[in-house]
Amino acid sequence: SSSSLFKPIASQFAETRSTQQSVRMKSIRHLAGRLLLALAGICASADARPYIDTTTAFCYNATMATGWSDATLDREYVESVHRKTIRRLNTLPWCLGNMAQGPSDCKDLPPEPNATQACPNRTSCVRGYDLLLTPPRASCRTPRILYIHGGGWESGSPWDDSYPVHTSKIADRTGSIILSIDYPLIGGWANESGKYVGHAAGILDYALGAWQWLSSHGHHGQNCSEDDVPAMFIAGDSAGGSSAMALLLTLHNRSKEGSLDSLPDPAGAFFESPFLNLAADSPSYYSNNYAAFPDEKYAREHPDTGSLTGDIWFHYTTSDVSNVGDPFALTVINAKTGLRYCGCETVNSTRPEPALPSKCFGSCGTDTSSQAQLKHEIFSPFWATQEQLRGLPPLYFATAANEVMASDTRVFAQRAAQVGVHVRAELFEGMWHTFPQWSEGCGSGSPLWQGRVVLSHFGDFVRSVARARATCPQKLRRPTGGRGAHAIDVHEASGGSPSGPWVPIVPLGLDLCGGGRLRGSEAQGLR
């Protein structure tokens with residue numbers, strides 16, 4: 001007020017001094033409070049448990065922000081592995097349209113071996129060119145691998161999504177020749193006959209033709225038909241893992257029926273996060289349901305105090321409930337993908353609504369009910385019978401323990417082992433779908449040790465099986481049953497003190513000949 005201007009000087013000075021003291025006391029109290037908060041923060045940081053290591057936390061943030069992007073996928077091609085574009089004489093050229101009709105224009109533009117897309121600039125082009133990868137010093141005696149890429153049967157190629165990098169690493173670690181095939185995707189039409197081939201049966205036919213070609217061709221595509229066929233393997237990831245298993249079961253059935261003709265029996269097969277259950281109702285769809293605390297953005301940016309659990313990739317959320325997934329909606333979405341893979345033209349959306357149709361006139365068997373298509377024993381291998389599994393060659397699986405498809409691996413591996421199949425399945429906590437394709441660490445500058453372990457174990461598996469095939473071939477398959485060499489290993493997420501695995505990871509030892517474990521190459525630098 002104006003009256004304060006006429007107070008005595010001494011009185012004004014006294015009030016000023018009192019005010020200054022009050023301000024100083026408030027400042028001291030404020031500073032003390034900030035120090036206490038800082039100390040509390042330090043204590044909280046000390047008490048907070050870093051459940052995942054910094055590389056994994058970086059990958060969570062990067063991959064959830066960018067999705068399946070070349071920016072985070074592995075980018076370092078193994079330069080010693082030679083690559084070559086292959087057009088097989090028995091190939092099936094195809095063009096991508098939609099499920100109702102083929103494309104109006106389809107140009108023949110063969111991809112270069114070092115291409116990053118199957119079709120330049122994503123134009124419509126003739127597909128069906130495969131990619132052959134040959135490691136150094138390969139010969140007609142070198143093991144061979146048929147690789148089937150993932151992508152939900154809707155996308156991808158041997159050149160897309162950094163697959164050349166990933167397959168070059170597999171060729172390097174296993175010392176094997178790899179044929180990565182450009183099979184028909186959903187919406188694919190045969191270029192010459194105009195027949196729709198973008199379904200499960202069409203993909204299987206394409207893979208069988210590639211298997212036949214690979215049986216007589218080795219390094220750099222050289223004709224090796226006069227030599228004995230070396231150990232041959234089937235491999236695949238995600239949806240490609242499902243088609244790879246369908247190929248394996250088909251060859252196995254033909255072998256038991258004596259109708260393989262000139263096709264060789266696979267020596268073994270290995271898989272990354274395979275989508276084995278088209279019905280998408282495996283137990284882990286429920287138990288590995290996605291959740292973020294307190295919300296996704298905070299959890300991604302503060303892995304020490306926030307939490308991301310369950311499958312960070314495959315989940316369905318709504319704007320109303322964005323931090324917890326709906327496992328029942330996700331089952332419908334993935335099952336619709338399965339029906340589209342079977343060739344059901346009426347399923348043109350992968351949204352949770354509308355519900356699954358009751359009928360599906362697809363290629364997954366003769367029964368036209370949707371559930372029968374989704375549970376076909378070959379195209380949905382999760383539902384294969386014990387008799388179909390009996391006598392399979394050695395199998396290896398690498399899957400994230402907390403992805404929704406984890407049970408696809410666990411259940412299949414357990415059931416195969418019960419009928420005498422040699423099975424090794426490794427599940428990694430804290431990882432995500434097909435995580436070995438981020439082995440370089442998602443751009444963090446530090447490798448993802450879990451991805452490096454799997455790549456190393458691919459090599460151990462192939463070498464062990466190839467060696468056993470040469471020394472005890474009769475013991476690789478047990479057609480009469482008996483308990484197989486079965487192990488499911490779960491590797492915990494690293495955090496806190498360890499900079500790598502809690503339990504040291506050793507080379508993948510497989511007791512295939514019954515005389516003690518066959519050692520693979522030493523797995524170096526895993527930590």
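This note goes through the aromatic pairs, the charges over rings, the disulfides and the largest pocket of a predicted model.

1. **Aromatic pairs, overall.** The count comes to 17 aromatic pairs. Two of them are taken up below, one stacked and one edge-to-face.

2. **Trp153 and Tyr341.** This aromatic pair is stacked. The ring centres are 3.7 Å apart, with 5 degrees between the planes. The cut-off for stacked is under 30 degrees. The two partners come from distant parts of the chain, 188 residues apart. Trp153 sits in the loop between strand 4 (144–148) and helix 3 (163–174). Tyr341 belongs to helix 8 (residues 327–342).

3. **Burial of that pair.** Are Trp153 and Tyr341 buried or exposed? Trp153 has a relative accessible area of 0%, so it is buried. Tyr341 has 1% relative accessibility and therefore counts as buried. The cut-off behind both calls is under 20%.

4. **Phe233 and Phe461.** Here the planes stand at 65 degrees, so the pair is edge-to-face. The ring centres are 6.2 Å apart. For reference, pairing requires centres within 6.5 Å, and edge-to-face requires over 60 degrees. This pair also links distant parts of the chain, 228 residues apart. Phe233 is in strand 7 (residues 232–237). Phe461 is in helix 12 (residues 449–471). Phe233 is buried, with a relative accessible area of 0%. Phe461 is buried as well, at 1%.

5. **An aromatic cluster.** Which residues do ring pairs link into a cluster with Phe233 and Phe461? They are Phe270, Tyr396 and Phe458.

6. **Charges over rings.** Two cases can be listed. The charged end of Arg83 sits over the ring of Tyr77, 3.9 Å from the ring centre. Lys375 lies over the face of Trp383. There the distance to the ring centre is 4.6 Å.

7. **Disulfides, overall.** A disulfide is a covalent bond between the sulfur atoms of two cysteines. How many does a search of the whole structure find? It finds seven disulfides. Among them are the three in the next points.

8. **Cys95 and Cys106.** The sulfur atoms of this disulfide are 1.9 Å apart. The angle about the S-S bond is -95 degrees, and the link is left-handed. Cys95 is in strand 2 (residues 94–96). Cys106 is in the loop between strand 2 and strand 3 (130–134), eleven residues apart from Cys95. Burial splits this pair. Cys95 is buried, at a relative accessible area of 3%. Cys106 has 21% relative accessibility, so it counts as partly exposed. The cut-off for buried is under 20%.

9. **Cys140 and Cys224.** This disulfide has an S to S distance of 2.0 Å. The link is left-handed, with -75 degrees about the S-S bond. Cys140 lies in the loop between strand 3 and strand 4, and Cys224 in the loop between helix 4 (200–215) and strand 7, so the disulfide ties together parts that are 84 residues apart in sequence. Both cysteines are buried.

10. **Cys472 and Cys513.** The S to S distance is 1.7 Å. Why is this disulfide left-handed? The torsion about the S-S bond is about -75 degrees, so the disulfide is left-handed. The pair links parts of the chain that are 41 residues apart. Cys472 is in the loop between helix 12 and strand 13 (486–491). Cys513 is in the segment after strand 13. Cys472 counts as buried, at 5% relative accessibility. Cys513 is also buried, with a relative accessible area of 17%.

11. **The largest pocket.** The volume of the largest pocket is about 490 Å³. It is lined by 25 residues. Which of them lie nearest the centre? They are Gly151, Gly152, Phe314, Asn334 and His433.

12. **Make-up of the lining.** Helix 2 (54–66), helix 5 (238–257) and helix 8 are the elements that give two or more residues to the lining of the largest pocket. Helix 8 gives the most, with four residues. Tyr341, of the stacked pair in point 2, is also in helix 8. By class, the lining has twelve nonpolar, eleven polar and two charged residues.

Terms used. Residues are numbered from 1 along each chain as its sequence is written. This is a predicted model: local features need pLDDT of at least 70, side-chain atom pairs count only at pLDDT 80 or more; totals for chains, interfaces and linings use all residues. Side-chain values use heavy atoms; hydrogens and water are left out. Rings of Phe, Tyr and Trp (its six-membered ring) pair if their centres lie within 6.5 Å; planes under 30 degrees apart count as stacked, over 60 as edge-to-face and the rest as tilted. Buried means under 20% relative accessible area, exposed over 50%, partly exposed in between (1.4 Å probe, protein chains only). A charge sits over a ring if NZ of Lys or CZ of Arg is within 6 Å of the ring centre and within 35 degrees of the ring normal. A disulfide is a pair of cysteine sulfur atoms within 2.5 Å. On a 1 Å grid over the protein atoms alone, a cavity is a set of points where a 1.4 Å probe fits but cannot get out, and a pocket is an open set with protein on both sides within 12 Å along at least five of seven lines; lining residues have an atom within 4 Å of a point. Grid points are joined across faces, edges and corners, and a volume is the space filled by probe spheres set on the points. Ala, Val, Leu, Ile, Met, Phe, Trp, Tyr, Cys and Pro count as nonpolar, Asp, Glu, Lys and Arg as charged, and the others, Gly among them, as polar.
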